[in-house]
Amino acid sequence: MADSAGIQQGSPAIGAVGSAPAAPGLGGAEGSGAAGGSARICVKKAQLRSSPLPKKLEKLGVYSSCKVEGACKCNGWKSQNPPPTPPRSEQQQPVIVNLQEPCRSCSHTLGDHVTHLEHVPEDEINRLLGIVLDVEYLYTCVHKEEDADTKQVYFSLFKLLRKSILQMGKPTLESQESPPFERPSIEQGVNNFVQYKFSHLPSKEHQTIVELAKMFLNQINYWQMETPSQRRQRLPNDDTAGYKANYTRWLCYCNVPQFCDSLPRYETTQIFGRTLLRSVFTVMRKQLLEQARQEKDKLPPEKRTLILTHFPKFLSMLEEEVYSHCSPIWSHNFFAGVPGGQIPVHTVVSAPPDARPLYYSISPASSVDLSSGAVSPAKKASTVLEPCPVGEKRKLMEPLSQEENKRPRVMGDIPMELINEVMATITDPTAIPETSLLSAHSARDEAARLEERRGVIEFHVIGNSLNQKPNKRILMWLVGLQNVFSHQLPRMPKEYITRLVFDPKHKTLSLIKDGRVIGGICFRMFPSQGFSEIVFCAVTSNEQVKGYGTHLMNHLKEYHIKHHILNFLTYADEYAIGYFKKQGFSKDIKVPKAKYVGYIKDYEGATLMGCELNPSIPYTEFSVIIKKQKEIIKKLIERKQMQIRKVYPGLSCFKDGVRQIPIENIPGIRETGWKPLGKGKEIKDPEQLYVALKNILQNVKSHQNAWPFMEPVKKTEAPGYYQVIRFPMDLKTMSERLKSRYYTTRKLFMADMQRVFTNCREYNPPESEYYKCANLLEKFFYTKIKEAGLIDK
């Protein structure tokens with residue numbers, strides 16, 4: 001029964017251990033009402049089974065037809081003096097049962113109704129008594145239940161149990177299908193999910209995932225499903241018939257048997273599959289996380305991180321597999337990359353049958369109404385102005401031309417055959433191990449991208465218009481944006497924010513959730529100048545740290561690429577610089593100053609930052625692409641390691657008197673990735689060498705980033721420089737050495753030039769201007785060296 005000890009694995013409802021699942025007919029209430037109903041049934045059954053035999057016969061006689069030969073049609077004995085309801089407190093003495101007492105309906109005695117029970121074993125009588133109490137309980141449920149669909153199920157089960165008592169048989173549910181109703185089951189799917197995503201984790205992290213899966217399965221087994229009428233009210237366009245069929249099965253096989261143990265009971269996760277899980281997952285996830293946040297102070301410290309940090313991300317990753325049309329975890333022939341084929345089916349994370357989680361009520365107002373007036377991205381509808389490219393993917397660049405395809409192969413390039421072979425395994429979803437759930441390096445916009453795919457959030461480019469009739473919804477969103485910007489940007493005057501948000505020249509990429517604005521980016525496009533100015537960017541405080549800001553900026557980049565504008569400019573205050581850096585902005589402005597001076601307003605105390613867009617990058621899917629690229633590299637490394645592990649025989653040539661052999665002749669050396677150093681062309685003619693090095697040095701000195709290295713560092717300008725740098729070098733010293741014919745080989749010249757760059761990086765911090773100049777000049781130097789043929793390209 002469901003009234004035993006609570007789950008020990010840790011549940012989002014840990015703060016309320018002691019509550020039980022809602023009993024049928026009790027309206028799904030939490031706490032003592034549900035627990036009391038279940039406990040009362042158990043106590044009554046125990047008391048009745050310990051009663052004397054005549055008392056048991058009296059109870060069974062009420063549900064036994066009259067056995068007198070003839071035409072008596074009485075279907076149950078009825079006492080002449082029924083006990084008062086409720087019983088009076090003074091009536092505490094045990095009532096003596098008289099088997100000769102006549103029936104109020106047919107006048108035949110109680111004994112005439114129970115003659116068929118004279119030789120029945122006591123165990124069988126006790127079993128029938130259990131059914132009797134279940135019948136009485138269901139009778140109460142039928143009269144208390146208000147929902148028509150649920151009442152009909154209760155009444156059907158009531159008649160089934162009543163018939164079982166009359167026929168002294170075992171109650172058997174008659175239906176077209178018997179459990180399980182779908183394969184693989186929810187439990188098997190979650191097992192597959194754990195194997196598919198996390199089998200590569202260390203044992204400690206893997207055990208954490210197993211704990212999370214146990215918590216999730218336990219919640220499903222005791223989840224109180226909303227009635228079909230509630231679901232119709234919440235989701236009018238949903239498949240009501242399919243949900244009603246699963247709801248009826250759930251009541252008959254999972255919910256009612258928790259309290260009426262004469263009916264066979266099954267775990268929800270073992271007889272239902274993805275169809276039922278899809279119908280409850282979104283609402284269930286939302287309410288579980290909300291419950292966890294409300295009860296976080298009641299959680300034990302050792303469970304707090306597990307539930308508040310790891311459980312939400314676990315649910316997000318599982319949600320993607322639940323609603324994906326091609327997820328391998330629901331395949332009948334699930335493979336998880338295990339040598340030898342399919343993983344043996346065994347329950348890794350089955351939930352304890354006696355767990356007692358919280359009941360979470362489901363009301364139409366507590367969930368997202370995707371059928372409301374809000375535009376779903378799946379329908380690709382647009383606002384009255386311009387739609388943001390949410391439901392469609394931007395076309396990538398045109399295929400490479402034949403000339404580009406025929407570019408010369410560079411030493412070290414990976415053969416295309418190998419790339420295609422690796423890509424085949426990456427494309428196969430069963431071969432892609434997911435990023436660790438507990439990893440800190442997962443994509444920031446991953447959760448937001450999933451919510452957009454599910455229709456929870458939407459993106460629209462909106463703006464005010466002087467030429468079109470005002471649209472009420474657009475105006476409401478603009479007001480919402482003005483409120484968000486005013487609240488999140490307190491330093492900005494509200495009048496200034498209102499003026500720009502409602503200015504027809506400005507547009508705003510708005511983030512919509514549950515039909516209301518929760519964030520946006522206000523911008524103005526300057527097509528003739530080739531850039532856009534970002535004016536305001538904010539997400540409401542209670543929706544932050546969910547990846548919305550990153551996903552918002554990615555959509556803005558996609559929008560501008562479609563409109564052929566490839567540069568952003570913005571003035572960022574001290575609190576926004578970090579965010580813009582994460583989105584690819586920097587203080588190195590690529591737009592010429594003449595292009596933007598006079599077009600954008602200069603803000604006092606703010607930093608001008610810019611971002612150059614690459615039209616070949618699909619920004620909204622960029623993190624997914626990077627993840628796949630990492631997997632390709634990982635696969636290539638694994639293949640290379642497999643080759644390196646090959647054992648070659650030892651060298652026997654030395655026994656024959658050979659003193660030395662070229663390194664490249666050592667078996668297996670090239671397979672490790674070793675290759676001969678680029679020798680280049682060594683110029684033997686001193687005059688030729690002098691001319692070549694002079695040209696290179698002159699080009700380096702003429703470069704725009706050479707100014708920090710033109711002369712030796714002065715002690716007054718860099719105190720302590722010569723204590724840090726023991727062997728200083730500069731371009732003036734190199735020119736003097738070149739004139740004195742010091743550089744007799746190219747290696748001496750390259751060593752001095754390299755020392756210039758190394759010294760600079762050793763003394764200066766990476767963010768300094770000198771450090772950046774050294775990197776850029778070094779790159780230019782090696783380009784010139786290669787052009788001169790002094791090293792291999």
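## A buried glutamine

Let's start inside: Gln 258 is buried, with just 3% of relative accessible area. Keep in mind as you look around that this is a predicted model. Along the chain, Gln 258 belongs to the loop that runs between helix H9 (240-255) and helix H10 (268-271).

What does the side chain of Gln 258 have at 3.4 Å from one of its polar atoms? It's the backbone oxygen of Cys 254.

## Cysteines without bridges

How many disulfides does the model have? The count comes to zero. You can still check how open some cysteines are. Cys 326 is exposed, with a relative accessible area of 60%. Cys 537 counts as partly exposed, at 22% relative accessibility.

## A nonpolar patch on the surface

Now move to the loop between helix H21 (622-644) and helix H22 (686-702), where you'll find Phe 654. Phe 654 is partly exposed, with 42% relative accessibility. If you skip its neighbours within four places in sequence, Phe 654 is in contact with Arg 659, Gln 660 and Ile 661.

Phe 654 also helps make a nonpolar surface patch of about 390 Å², along with Leu 651, Val 658, Ile 663 and Ile 666. Ile 666 sits in the loop between H21 and H22, and at 33% relative accessibility it counts as partly exposed.

## Salt bridges: a buried pair of helices' residues

Next up are the charged residues. Side chains of opposite charge can pair when their charged atoms come close. Searching the whole structure turns up 18 salt bridges.

One of them joins Glu 319 and Arg 285, with 3.8 Å between the closest N and O atoms. Glu 319 is part of helix H12 (residues 301-323) and Arg 285 is part of helix H11 (residues 274-294), so this pair ties together parts that are 34 residues apart in sequence. Are these two buried or exposed? Glu 319 is buried, at 6% relative accessibility. Arg 285 is buried as well, with a relative accessible area of 17%.

## From a strand to a loop

Another salt bridge brings together the side chains of Glu 543 and Lys 513, at 3.3 Å from N to O. Which parts of the chain does the pair link? Glu 543 is in the loop between strand E5 (531-539) and helix H18 (548-562), while Lys 513 is in strand E3 (residues 507-513), so to speak a link between distant parts, 30 residues apart. Glu 543 counts as buried, at 7% relative accessibility. Lys 513 is also buried, with 12%.

## A partly exposed pair

Last comes the salt bridge between Glu 687 and Arg 741, whose closest N and O atoms are 3.4 Å apart. Glu 687 lies in helix H22, and Arg 741 lies in the loop between helix H24 (731-739) and helix H25 (746-763), so the two tie together parts that are 54 residues apart in sequence.

Here the side chains are a bit easier to spot from outside: Glu 687 is partly exposed, with a relative accessible area of 41%, and Arg 741 is partly exposed too, at 42%. Finally, salt bridges that share partners join Lys 513, Arg 516, Glu 543 and Lys 546 into one network.

How values were computed
Residues are numbered from 1 along each chain as its sequence is written. This is a predicted model: local features need pLDDT of at least 70, side-chain atom pairs count only at pLDDT 80 or more; totals for chains, interfaces and linings use all residues. Side-chain values use heavy atoms; hydrogens and water are left out. Helices (H or I, at least four residues) and strands (E, at least two) are DSSP runs, numbered from the N terminus. Buried means under 20% relative accessible area, exposed over 50%, partly exposed in between (1.4 Å probe, protein chains only). A polar contact is a pair of N or O atoms within 3.5 Å; within protein, one must be able to donate a hydrogen and the other to accept it, and residues adjacent in sequence count only if both atoms are side-chain atoms. A disulfide is a pair of cysteine sulfur atoms within 2.5 Å. Contact means heavy atoms within 4.5 Å. Patches are made of residues with over 30% relative accessible area and no salt bridge: like charges are joined within 9 Å, nonpolar side chains (Val, Leu, Ile, Met, Phe, Trp, Tyr) within 5 Å. Accessible areas come from the Shrake-Rupley method with a 1.4 Å probe; for residues, only the protein chains shown count as cover. A salt bridge is a side-chain nitrogen of Lys or Arg within 4 Å of a carboxyl oxygen of Asp or Glu.
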